[in-house]
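The exercises below are meant to be worked with the sequence and the structure side by side. Please try each task before reading the solution that follows it.

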Amino acid sequence: MNESRINELKSITAEVRKDILRMVAIAHCGSFERALADASLLVYLYWEEMLLAPIEPRREDRDRFFTDIAESVPALYAVLARRGFFEREQLWHYRRLGAMLQGLPDYLRTPGIDAPCLNAAPAIAMAAQSALDLSCSLDSPRVIFLTSDASLSSEEFSVEIKRIGKFGIPNFITVAVLRGGNGSSDGEEKIKKLFESSGWQTKCAFSEDFSALESAFASFDYSSRAPKALIIMSENKFGFSLPESKEIETSRVIGMGEVDLALEELEVSPNGNSQK
Amino acid sequence: METHKNDNSLLAAFRTVMAEHAEKDKDFVLFVTEAAEVYGGFDDLPSDKVVFTHAPASVSLLRAAGSALAGKQPWLLGKTAEIAASGYSQIREAIAIPKLPVRIAALNGGVSTEQESTAEQLLEDIAIMRTLPGMKIFVPADDLSLRGITDAADKISEPLYLRLGTTPYSTPRDLYKEEFHAGGARILREGTGVTICACGIMVGQALKAAEMLEEQNISAEVVDCYSVKPFPERVMLSSVRRTGCCVTAEEAGEIGGLFGAAAECLGRTYPVPMRSVALDDRFVNSGTPDELREFYGLTCKEIVDASAQVWALRRR
């Protein structure tokens with residue numbers, strides 16, 4: 001990936017983050033910190049990695065995206081809108097009565113949504129089974145499952161990781177985002193061991209490092225039946241100085257003043273770097 | 001009327017029907033939970049069409065949902081308690097809300113479990129499933145209705161819940177010429193004095209009750225309400241307009257099940273005296289299914305008593 005493409009992706013990420021802030025502020029509800037943190041990863045996936053066609057959102061050979069991180073949904077919406085699955089105008093109706101963009105994605109109504117986002121655990125079971133069934137099709141599209149350290153810490157999730165590892169699903173990629181205490185090298189090692197001991201191919205990268213993300217995805221051996229796990233370390237740096245809450249999952253209302261300040265700081269230069 | 005008894009349970013019939021569906025439908029797949037696996041008997045299914053999940057219902061339901069997302073037409077077999085109780089949030093979020101065509105077959109509903117504990121004898125499964133928006137509910141009485149319902153399920157692109165018994169059934173076999181569909185019901189015996197609306201294993205009891213009522217000069221119409229949701233309003237209203245009263249019979253708690261569905265329908269449109277033959281508001285003890293049905297009043301005798309009461313009060 002060359003420098004200009006990296007800058008382009010940075011610029012798109014900044015625009016996506018602005019949209020997240022705007023939509024959450026207009027809605028007066030919904031968490032935004034995690035969505036802001038996951039924006040760069042989603043931008044990479046939707047612009048560089050996944051095979052998709054926004055004008056044909058249900059195309060059979062498309063790669064599928066699953067997630068169990070409800071807090072990342074604003075980022076997913078903002079990315080889908082920027083990628084052309086629907087008009088950006090829809091973002092300003094986020095969580096409104098009758099709006100297409102509900103608090104959790106409406107699988108039936110929203111273009112680009114491949115699966116419901118579940119609170120019910122373990123959502124990885126649903127994503128893995130989809131991947132397994134799709135692996136038998138001619139195109140064998142990939143299923144990318146985005147999850148967080150919160151899910152990874154559950155016993156039932158670990159059981160599923162072991163089961164999936166034994167079974168072998170070559171087109172299944174779990175992207176595990178580590179934050180807080182787990183975003184350390186210790187946390188990374190622990191999660192990596194869990195996957196590797198269960199027969200998964202495992203790679204690591206930083207969420208804001210597009211080159212590293214590209215290298216990680218490219219280095220997976222897709223001829224092997226092993227499922228893949230990409231462990232992402234997230235730094236929670238968004239390019240602006242919004243006061244951060246202690247718990248990243250905490251949902252809080254963001255004021256318009258804070259949004260204006262953040263939007264100003266997020267203004268990027270043509271080379272993708274913040275102007276401030 | 002002559003009734004045909006056999007030693008087959010609906011589970012046995014389900015296995016046969018599933019093998020036939022596996023043969024003709026390329027997208028067919030049956031997920032069997034760890035708890036249901038012990039019942040065995042799926043050797044007739046091609047190995048690529050049956051998935052023994054070796055996992056509880058919560059995981060199995062999500063796997064079935066994932067399969068539906070990949071374009072398959074999945075069935076899932078599990079025990080009622082693990083599906084309707086433990087698996088509720090998975091059904092709600094992963095199947096009912098996105099309206100995925102997952103067909104859930106639940107074993108051992110009501111008091112059909114063999115000397116199990118209260119936790120295993122789930123009486124509220126129909127009520128729980130009825131409250132889920134869009135969920136269709138079928139309670140077959142015999143192998144032919146099961147076959148009809150599974151055929152109908154092929155045309156349904158939304159989730160459905162099918163309650164199966166594992167004890168032998170007993171119903172007449174000479175009147176089955178109708179096509180089964182969601183929102184349908186079968187009139188198994190025509191009558192003008194009282195409408196007996198039953199589902200599942202209680203259909204056989206309703207037919208016996210109708211014979212006993214005939215001796216008391218009460219002409220009972222027996223309706224096999226195999227589709228609990230959507231409720232067969234047309235058939236019920238047509239019957240009740242003739243009889244002026246109604247008794248429901250089900251192997252479930254009386255709150256929120258078939259009685260609830262019938263009362264909601266008739267209360268809105270054509271109120272008539274009603275009685276319910278079902279378990280009242282309590283949990284049940286351990287025991288054999290026959291003992292439990294006798295003890296908790298799920299027999300033809302209770303249907304006769306209830307019918308005589310409503311017949312005396314019937315709307316004229």
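**Exercise 1: The surface and fold of chain A**

The accessible surface of chain A comes to about 11300 Å², and carbon and sulfur atoms account for 50% of it; the model from which this value is computed is a predicted one.

Task: Establish how many helices and strands chain A has, in what order its elements run, and what share of its residues is buried.

Solution. Begin with the count of elements, which gives 9 helices and 5 strands in chain A. Next, follow chain A from the N terminus, where the elements run α-α-β-α-α-β-α-α-β-α-β-α-β-α. Then turn to burial, taking under 20% relative accessible area as the cut-off: of the 276 residues in chain A, 58% are buried. Finally, consider the contacts in chain A with a separation of 6 or more, 73% of which are between residues 24 or more positions apart.

**Exercise 2: An arginine in chain B**

Task: Locate R186(B) in its strand, decide whether R186(B) is buried or exposed, and find which side chain is joined to that of R186(B) by a polar contact of 2.5 Å.

Solution. The first step is to place the residue, and R186(B) is found in strand β9 of chain B, which covers residues 186–189. The second step applies the burial cut-off of under 20% relative accessible area; because its relative accessibility is 2%, R186(B) counts as buried. The third step looks for the partner, which is D224(B), whose side chain makes a polar contact of 2.5 Å with the side chain of R186(B). As a last step, compare a position elsewhere in the chain: P46(B) is 140 residues from R186(B) along the chain, and their C-alpha atoms are separated by 33 Å.

**Exercise 3: The contact between chain B and chain A**

Task: Describe the area buried between chain B and chain A, the polar contacts between the two chains, and the elements that chain B brings to the contact.

Solution. Start with the participants, which are 19 residues from chain B and 21 residues from chain A. The area buried between the two chains is about 1600 Å², with 64% given by carbon and sulfur atoms. Between chain B and chain A there are 0 salt bridges, whereas 6 residue pairs are in polar contact, both residues being at pLDDT 80 or more. On the side of chain B that touches chain A, the elements giving two or more residues are α3 (57–69) and α5 (88–96) of chain B, and α3(B) gives the most, with 7 residues. Sorted by class, this side of chain B has 10 nonpolar, 5 polar and 4 charged residues.

Technical notes
Residues numbered from 1 in each chain as written. Chains lettered and ligands numbered in written order. Predicted model: local features only at pLDDT ≥ 70, side-chain atom pairs only at ≥ 80, totals over all residues. Heavy atoms only, no water. Helix = DSSP H or I, 4+ residues; strand = E, 2+ residues; numbered from the N terminus. Buried < 20%, exposed > 50% of the residue type's maximum accessible area, 1.4 Å probe, protein only. Contact = heavy atoms within 4.5 Å. Areas by Shrake-Rupley, 256 points an atom, 1.4 Å probe, with all protein chains shown as cover. Polar contact = N/O pair within 3.5 Å; in protein donor to acceptor, adjacent residues only side chain to side chain. Buried area = accessible area lost by both parts, 1.4 Å probe. Salt bridge = Lys/Arg side-chain N within 4 Å of Asp/Glu carboxyl O. Nonpolar A, V, L, I, M, F, W, Y, C, P; charged D, E, K, R; others polar.
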